[in-house]
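Here is a report on a two-chain model, read from its sheet pairing out to its domains and contacts. The structure comes first.

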Amino acid sequence: MSDDVEVLPLGPDGILVRFSDQLSEPANRAALAFRAVIDALNLPGLSETASSLTSVFLRFQPDVLRREALEEILQKQLDMQNWHAVPLPEGRTLWRVPATFGGRYGPDLEESADLAGVSPDLAINQICANPLRVLALGFAPGQPYLGFLPSHWNIPRKTDVTPEVPRGAVVAAVRQIIPFANAAPTGWRQIGLTAFRCHDPTQEPQIPLSSGDEIEFLPVSAAELDRLLDESPPFGGAERAVLT
Amino acid sequence: MTRHLIVEQAGPAVSVQDMGRKGGLGIGLSRGGAADKLAYIQGLALLGVPLDSASIECAGLGGRFRFEAPTRFALTGAEMRATLDGSPLETGASHVANAGSTLDISAIVKGVYAYLTVAGGIITDVEFGGRGYHRTGGFGRPLTSGDRLPLGQDNAPETPPLRLPSPLQAGPIRVMPGPQTTLFASDVSQEFTDVTFIRSTRANRQGVKLDYDGTGFATGDQLNQVSDFISEGDVQMTGDGTPYVLLADCQTIGGYPRIGTVLPCDLHRIAQASAGDPLKFTFVSVAEAEASWASDQSVYDAQKRATTPRIRDPHEMADLLSYELIDRPSDDVVSG
């Protein structure tokens, strides 16, 4: 069953397989599983694959593999099963990540809570209440898109772009949270800060997160976060557990 | 012994660049590398340096460099005011420096990204499959005075100087449809190809902002799109409908809708557009886009075939005064 799946061009050497144009948990699972199946085919002329929130990107060499031929292979795989019903991959990790919210490290917390229709304290409680899944890595190396917050957190991006949020900025929009890998401009709202580094050349693995992993934020005081930033323990003081 | 190129002075956006890091999309790393890959490849082709090498990219402002040993080098990309030990040099050509020679790229006259390629290439350490500075990716840093860059072996030191013609710049810039093109109403897409945009002063290796007189290129639901993959060359409309064309160091996933993707073979024109330059776009079909696609290797091979010998360039004649050309405009000197 793949009636609602779209196979679309993205650049002259790219194809996007989109499982949904809306944020959707089953579509995220489908993207993770579909990418793994295509990778296992080891197709000559397929140079790169990646999964995002609800889609899979494939880069191919048009002088080796024709778009039509690749589309046919993809369609055949799409027709083989109900991709929206596949389970999550095995061997996933739960990360408990200290973060501070509001104040000087979360300048947009109040506005975000307001848009979500809750108080800032309740906002922090709701963000930290449950583990959030790594829906995709993207934007910058190792940076996770985390979801899903409850539906009242479907808050829009800002119309103006914040010229720069710092590395470790915890930002929110459209039912998701992102801890920023590097300083960067963003249209999302900064609600907190963490010492967790999404890409750390001094650690093994350098990119700690994989799609499908989960992050549970542990709220700490600004003073405690300052200590973690200062002492920089491995993974910003985060603890790991195996998800079963 | 390894030869070095010494950075004596560098503008704020001078960095080592290459063809970029491939295969990083899955972890959130865009390809990066030279902002104008065609000009970068031209530098390699002029010297016969292989594609997996690295060069120096100067954006907006140049720099001053000293050669430790005799070195062949090429200048490509933006038109620059460059001298070797005081003698003016041609852009789009290869040259030879003596031991101790100083190359001064004092200004970029037209365009944005200038490339200094050296025979043997720059052989700084490879990180994650590349040598280039990638700010959003967190790799490398801009070059600063005092940097000593190790150079590889020149395998053809006797090659005579060569030149390459500038790439053709005619016609509107071609855009192919992408996954979000249909989110834009047909009259909005029509306006996108009708309008003459002006390259804004806001531009860097991540993207170029386009200015225009108009209301903006919005979709119905601009701020709540599910984030999805971005391709280099995508024309992204931010929250207020302002277009940005995304370049080498763009993010890998983004939530702003994109009206289409500039063809890779036309993207150098966006990268090299100066602030204030007019830019016009036209849509082409996926089939047309594919027909225009060429592998990096085939672009390199074609540029190599297009090189011609560079002989008796008046710029390099030490006794120029004796030719009695001194009173003629410098353009005539070049063409004569």
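## Strand pairing, domains and contacts

Strand 1 of chain A and strand 2 of chain A run antiparallel, joined by four bridges. The model is a predicted one. Within this pair, Glu6(A) faces Arg18(A) of strand 2 of chain A.

The pair belongs to an open sheet of four strands in chain A, with the order 1-2-4-3 and antiparallel pairing. Which strands stand at the edges? Strand 1 and strand 3 of chain A do; each has a single partner strand, so one side of each is left without a neighbour in the sheet. From one strand to the next, the twist averages 20°. In general, strands of a sheet pair through backbone hydrogen bonds, parallel or antiparallel.

Next, the domains. Chain A is assigned domain 1 (6-85) and domain 2 (93-242). Their centres, taken over C-alpha atoms, are 29 Å apart. Seven residues of domain 1 of chain A and ten residues of domain 2 of chain A make the contact. On the domain 1 side, helix 1 (residues 25-41) of chain A gives the most, with three residues.

Chain B splits into domain 1 (3-166 + 304-335) and domain 2 (173-292). Here 29 Å separate the domain centres, again over C-alpha atoms. The contact draws 23 residues from domain 1 of chain B and 13 residues from domain 2 of chain B. Helix 1 (37-47), strand 5 (71-84) and strand 8 (102-118) of chain B each supply at least two residues of the domain 1 side. Strand 8 of chain B provides the largest share of that side, four residues.

Then the chains. Chain A puts 46 residues in contact with 38 residues of chain B. Several strands of chain A each supply at least two residues of the side that touches chain B: strand 1 (6-9), strand 2 (14-18), strand 3 (46-51), strand 4 (55-60) and strand 6 (132-137).

How do the residues of these sides divide by class? The table lists them.

| Side | Nonpolar | Polar | Charged |
|---|---|---|---|
| Domain 1 of chain A, touching domain 2 of chain A | three residues | three residues | one residue |
| Domain 1 of chain B, touching domain 2 of chain B | nine residues | nine residues | five residues |
| Chain A, touching chain B | 22 residues | 15 residues | nine residues |

Strand 1 of chain A thus appears twice: at an edge of the sheet, and among the strands that supply the side touching chain B.

Notes
Residues are numbered from 1 along each chain as its sequence is written. Chains are lettered from A and ligands numbered from 1 in the order in which they are written. This is a predicted model: local features need pLDDT of at least 70, side-chain atom pairs count only at pLDDT 80 or more; totals for chains, interfaces and linings use all residues. Domain bounds come from an automatic or database domain assignment. Two residues are in contact if their C-beta atoms, placed from the backbone, lie within 7 Å. Ala, Val, Leu, Ile, Met, Phe, Trp, Tyr, Cys and Pro count as nonpolar, Asp, Glu, Lys and Arg as charged, and the others, Gly among them, as polar. Two strands pair if DSSP finds at least two bridges between them. Axes are lines fitted to C-alpha atoms, for helices over the stretch in contact, and angles run from 0 to 180 degrees between N-to-C directions.
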